[in-house]
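Me: I have a fold on screen and want to learn how to read it. Can you take me through the features one by one?

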Amino acid sequence: MSIELLLALPVMLPLGGAAVTLLLRHHARVQLWLTILTLVAILTVALAMGYYVTQEGVLVLQIGNWTPQLGIVLVADRLTALMLVVSSFVTLAVLVYSSAQAVSEQSGRTPLAIYHPTYLALVAGVSMAFLAGDLFNLYVGFEVLLAASYVLLTLGGSASRIRAATMYVIVSLLSSIIFLSAIAAVYAATGTVNLAELAVRLDGLEPGTRMMLELMLLVAFAIKAAIFPLSAWLPDSYPTAPAPVTAVFAGLLTKVGIYAIFRLETLLFPASQIQNLLLAAAGLSLFIGILGAVAQTDLKRVLSFTLVSHMGYMLFGIGMSTQLGMGATIYYVAHHITVQSTLFLGAGLIETRGGTTNLIKLGGLAKLAPLIAILFFIPAMNLAGIPPFSGFIGKVGLIEAGIQYNLASGWILIAISVLTSLLTLYAIAKIWNRAFWQEPSEEIVQRDVRIPKVMTGATAAMIGFSLLLTVLAGPIMTYSNEAAASVLERVPYVSSVLGDDAADALVYKISEDGQRVEDR
């Protein structure tokens with residue numbers, strides 16, 4: 001079997017699994033095990049892909065042997081492989097967690113048969129977005145995962161979930177319309193939507209046209225990534241969903257948007273003229289998001305606002321457009337996917353034991369449920385950036401990149417990022433004080449709830465994965481820096497997709513403009 005065929009499996013396996021699990025809608029246990037096996041297979045494929053891209057460079061699969069200009073092209077480099085490994089592990093752990101919580105069984109009017117096929121369709125959409133070699137199939141990946149997320153968000157059919165889902169659908173449709181309009185404008189200006197071809201052709205456009213296209217795509221992706229001021233929809237949408245669904249949304253869906261921005265600002269529009277705009281959005285996301293978190297009294301809303309805030313760290317690294325900044329961003333994305341998902345799983349454990357996520361009504365869980373306290377404390381400290389956890393390592397990498405950047409905007413962002421980290425610690429301390437230390441109500445003391453071991457085990461596995469990012473921080477950071485170097489260089493990507501002639505044309509354009517990649 002050709003190695004390149006691996007690229008089709010992260011998309012085809014979950015789509016096939018979704019079809020089969022829907023046919024097995026009357027066999028819940030078989031559905032569950034088939035879904036788990038599918039996700040294990042995807043994780044195995046992602047690990048194999050990661051090995052091959054480190055050995056052979058960029059992998060390219062041209063579906064149906066059509067030329068890249070006409071057909072569907074799937075592309076995987078170091079960045080793609082890392083995102084697939086982390087996302088596939090998270091989706092597997094969350095699926096195991098949800099099997100114990102029986103999300104679908106608690107959903108009232110939503111039948112059990114819907115959950116597993118929809119979940120697998122979501123995984124297929126995420127994988128397609130990471131692997132897409134052209135803008136249109138990136139759009140298709142977004143739409144598949146968004147369609148699946150609409151269903152998952154409304155599990156239960158309660159008034160609050162329907163109301164939140166309505167806002168989510170409206171915002172998502174708006175971003176999709178902007179994205180599709182941008183694709184049409186890009187095609188009209190360049191005659192292609194293939195990312196590798198665009199890397200060559202966009203450089204030849206007028207500066208005003210390039211900026212317009214870049215801004216249209218950036219707005220579409222920034223809505224999906226919940227970048228301030230386009231993030232107001234997220235804190236109202238995520239907290240109403242079941243904990244496992246929120247964990248996947250918080251961990252993955254916004255990161256798909258960040259991944260798209262990463263490709264946009266490196267492959268298509270390097271040395272962008274709107275770097276200061278990106279840095280300003282990063283600073284506002286960091287500061288406004290964490291102020292929102294501090295003001296909340298509901299656990300899920302606190303975590304939702306910290307999600308908005310910490311997207312600013314990733315945009316900070318992208319905005320600097322340096323290898324050090326990009327490498328730190330890649331590491332931080334892997335860290336944040338894992339830790340943010342773990343915290344929402346922990347919130348689910350707290351809600352199951354305490355009966356609510358309202359911090360005013362909670363209390364005494366450190367004594368009543370010490371295991372839950374430990375499972376929440378570790379990722380919470382990681383999110384706050386307490387050493388030696390991966391959050392601290394990622395933030396130090398971004399600060400180091402900001403110092404090397406050595407511009408006023410970089411120093412301002414360093415100050416804001418440090419302040420945000422301190423305020424994150426304050427928000428976490430508030431959660432800990434109210435949920436775990438304050439005097440519990442009689443209702444919580446008498447509440448007799450048995451937490452399934454599978455739920456705590458899945459959460460512990462996520463914590464173990466996040467700790468692995470700490471223990472292996474050296475090799476993973478080296479991998480991230482190499483991924484950043486490859487992405488910034490652009491030539492390996494273009495050469496693998498279009499051949500050496502196109503890569504030579506790109507090199508000529510770079511040298512003609514006096515923009516040697518290694519000096520960026």
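The dialogue below goes from the whole chain to helix pairs and then to backbone details.

Me: Where does this model come from, and how many helices and strands are in the protein chain?

Reply: The model is predicted. The protein chain has 22 helices and two strands.

Me: How compact is the protein chain for its 520 residues?

Reply: Compare the radius of gyration with what the globule rule gives. Here the radius is 22 Å and the rule gives 24 Å for 520 residues; the two are close, so the chain is as compact as a globular protein of that length. Along the principal axes, the C-alpha atoms fill a box of roughly 75 × 55 × 40 Å.

Me: What share of the residues is buried, and what share of the contacts links residues 24 or more positions apart?

Reply: Buried residues are 61% of the 520. Take the contacts with a separation of 6 or more: 80% of them join residues 24 or more positions apart.

Me: Now helix packing. What describes two packed helices?

Reply: The angle between their axes and the distance between the axes. Take helix H11 (residues 275-295) and H17: they pack at about 20 degrees, with axes 9 Å apart.

Me: Which orientation follows for H11 and H17, parallel or antiparallel?

Reply: Angles under 35 degrees count as roughly parallel. H11 and H17 are therefore roughly parallel to each other. Their crossing is left-handed.

Me: Which residues meet in this pair, H11 and H17?

Reply: On the H11 side, they include Leu279, Leu286, Phe287 and Ile290. On the H17 side, they include Leu413, Ile416, Leu423 and Tyr426. Lys430 of H17 also takes part. By class, the contact of H11 with H17 has 15 nonpolar, six polar and one charged residues.

Me: Let me try another pair. How do H15 and H19 cross?

Reply: Read the angle and the distance again. The axes of helix H15 (residues 370-384) and helix H19 (residues 453-471) come within 10 Å and cross at roughly 30 degrees. H15 and H19 are therefore roughly parallel to each other. The crossing of H15 and H19 is left-handed.

Me: Which residues make the contact of H15 and H19, and how do they divide by class?

Reply: H15 brings Leu371, Leu375, Ile378, Pro379 and Asn382. H19 brings Thr456, Thr459, Ala460, Ile463, Ser466 and Leu467. They divide into seven nonpolar, four polar and no charged.

Me: On to the backbone. Where are cis peptide bonds found?

Reply: Check omega. A cis bond joins phenylalanine 228 and proline 229, with omega about 10 degrees. Proline 229 sits in the loop between helix H8 (207-225) and helix H9 (234-237). Another cis bond joins proline 387 and proline 388, with omega about 10 degrees. Proline 388 lies in the loop between H15 and helix H16 (390-405).

Me: And phi? Which residues have a positive value although they are not glycine?

Reply: Look for the sign, then place the residue. Asparagine 406 has a positive phi of about 55 degrees and is not a glycine. Asparagine 406 is in the loop between H16 and helix H17 (408-437). Arginine 490, also not a glycine, has a positive phi of about 70 degrees. Arginine 490 is in the loop between helix H20 (473-489) and helix H21 (491-498).

Me: Is arginine 490 buried or exposed?

Reply: Buried means under 20% relative accessible area. Arginine 490 has 2% relative accessibility, so it counts as buried.

How values were computed:
Residues are numbered from 1 along each chain as its sequence is written. This is a predicted model: local features need pLDDT of at least 70, side-chain atom pairs count only at pLDDT 80 or more; totals for chains, interfaces and linings use all residues. Side-chain values use heavy atoms; hydrogens and water are left out. Axes are lines fitted to C-alpha atoms, for helices over the stretch in contact, and angles run from 0 to 180 degrees between N-to-C directions. Helices (H or I, at least four residues) and strands (E, at least two) are DSSP runs, numbered from the N terminus. Angles under 35 degrees count as roughly parallel, over 145 as roughly antiparallel, 65 to 115 as roughly perpendicular and the rest as oblique. A crossing is left-handed if the near helix is turned anticlockwise from the far one by less than a right angle, and right-handed if clockwise. Contact means heavy atoms within 4.5 Å. Ala, Val, Leu, Ile, Met, Phe, Trp, Tyr, Cys and Pro count as nonpolar, Asp, Glu, Lys and Arg as charged, and the others, Gly among them, as polar. The radius of gyration is taken over C-alpha atoms; the globule rule is 2.2 Å times the number of residues to the power 0.38. Buried means under 20% relative accessible area, exposed over 50%, partly exposed in between (1.4 Å probe, protein chains only).
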